[in-house]
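Trainee: Could you take me through one part of this model up close? I'd like to hear about the sheet and whatever packs against it.

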Amino acid sequence: MIILIMGVSGSGKTTIGKLLAASLNWEFSDADTFHPSANIEKMRLGIPLNDADRMPWLEDLQTHIKSSLQENKNVVLACSALKNNYRQILIVDNRVQLVYLKGSFELIENRLKTRQNHFMSKKLLKSQFDTLEEPDNAICVDVAEPPEVIVGKIRKALGI
């Protein structure tokens, strides 16, 4: 199974993903590590990525997901997956479960102000919220909760 943790930058995808993976003794992957260097540089400069920038990245992620499923690996994957058409590329079958970390702009903006050593510029948060198409087929969790509570809610919703 693949648990795809989605949300805007600063919603806690990596934090929650790592905690969830550790609690399940599963592998953790961060979609950010699949970005080509040109994408990372654009984000570092505060330039939003467009669909053309994202497509090779999404294709690499899809390959990773398919390979993990083929090898019967259980993986928690942290990925923004902001648009429905991106998620359609990533959710290759019913073994990919979507979890949406939802939070207000103000809460997430405050989190990004304290974030250090990350290439994602807080200036891009508005563009992420503008791009976000909230899923209707996901487990939705409020990111205002403590991380341990969020992980518990995800596990309960998935029955694992």
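Mentor: Sure, let's start with one pair of strands: β2 and β3 run parallel and are joined by four bridges. If you want a spot to click on, take E27, whose bridge partner in β3 is V75. Bear in mind that this is a predicted model.

Now step across to the other side of V75. I2 of β1 stands opposite V75 in β3, and β1 and β3 are joined by four bridges, again in the parallel sense. I2 also has a partner in β4, where it stands opposite V96. Between β1 and β4 (residues 96-102) there are five bridges, and this pair is parallel too.

Put those pairs together and you get the whole thing: an open sheet of five strands, ordered β2-β3-β1-β4-β5, with parallel pairing. At the edges sit β2 (27-30) and β5 (139-142), each pairing on one side only. On average, neighbouring strands in this sheet are turned by 20° against each other, direction ignored.

Stay with β1 for a moment. Five of the five residues in this strand (residues 2-6) are buried, so the rest of the structure largely encloses it. Both of its faces are covered: I2, L4 and M6 are buried on one side, and I3 and I5 are buried on the other.

What about the helices on the sheet? Helix α3 (residues 51-70) lies across β1, β2, β3 and β4, and it runs at about 170° to β3. Helix α7 packs on the sheet as well, where it touches β1, β4 and β5, and its direction makes about 160° with that of β5.

α7 (residues 147-158) has a helix partner too, namely α1 (residues 13-24): their axes come within 10 Å and cross at roughly 60°. The two helices are therefore oblique to each other, and α1 passes α7 in a right-handed crossing. If you'd like to pick out the side of α1 involved, show T15, I16, L19, L20, S23 and L24; in α7 they meet P147, I150, V151, I154 and R155. Sorted by class, that contact has eight nonpolar residues, two polar ones and one charged one.

So, to trace it on screen, begin at E27 and its bridge partner V75, go over to I2 opposite V75, and carry on to V96, which I2 stands opposite in β4. After that, bring in α7 where it touches β1, β4 and β5, and finish with α1 crossing α7 at roughly 60°.

Note on methods. Residues are numbered from 1 along each chain as its sequence is written. This is a predicted model: local features need pLDDT of at least 70, side-chain atom pairs count only at pLDDT 80 or more; totals for chains, interfaces and linings use all residues. Side-chain values use heavy atoms; hydrogens and water are left out. Axes are lines fitted to C-alpha atoms, for helices over the stretch in contact, and angles run from 0 to 180 degrees between N-to-C directions. Angles under 35 degrees count as roughly parallel, over 145 as roughly antiparallel, 65 to 115 as roughly perpendicular and the rest as oblique. A crossing is left-handed if the near helix is turned anticlockwise from the far one by less than a right angle, and right-handed if clockwise. Contact means heavy atoms within 4.5 Å. Ala, Val, Leu, Ile, Met, Phe, Trp, Tyr, Cys and Pro count as nonpolar, Asp, Glu, Lys and Arg as charged, and the others, Gly among them, as polar. Buried means under 20% relative accessible area, exposed over 50%, partly exposed in between (1.4 Å probe, protein chains only). Two strands pair if DSSP finds at least two bridges between them.
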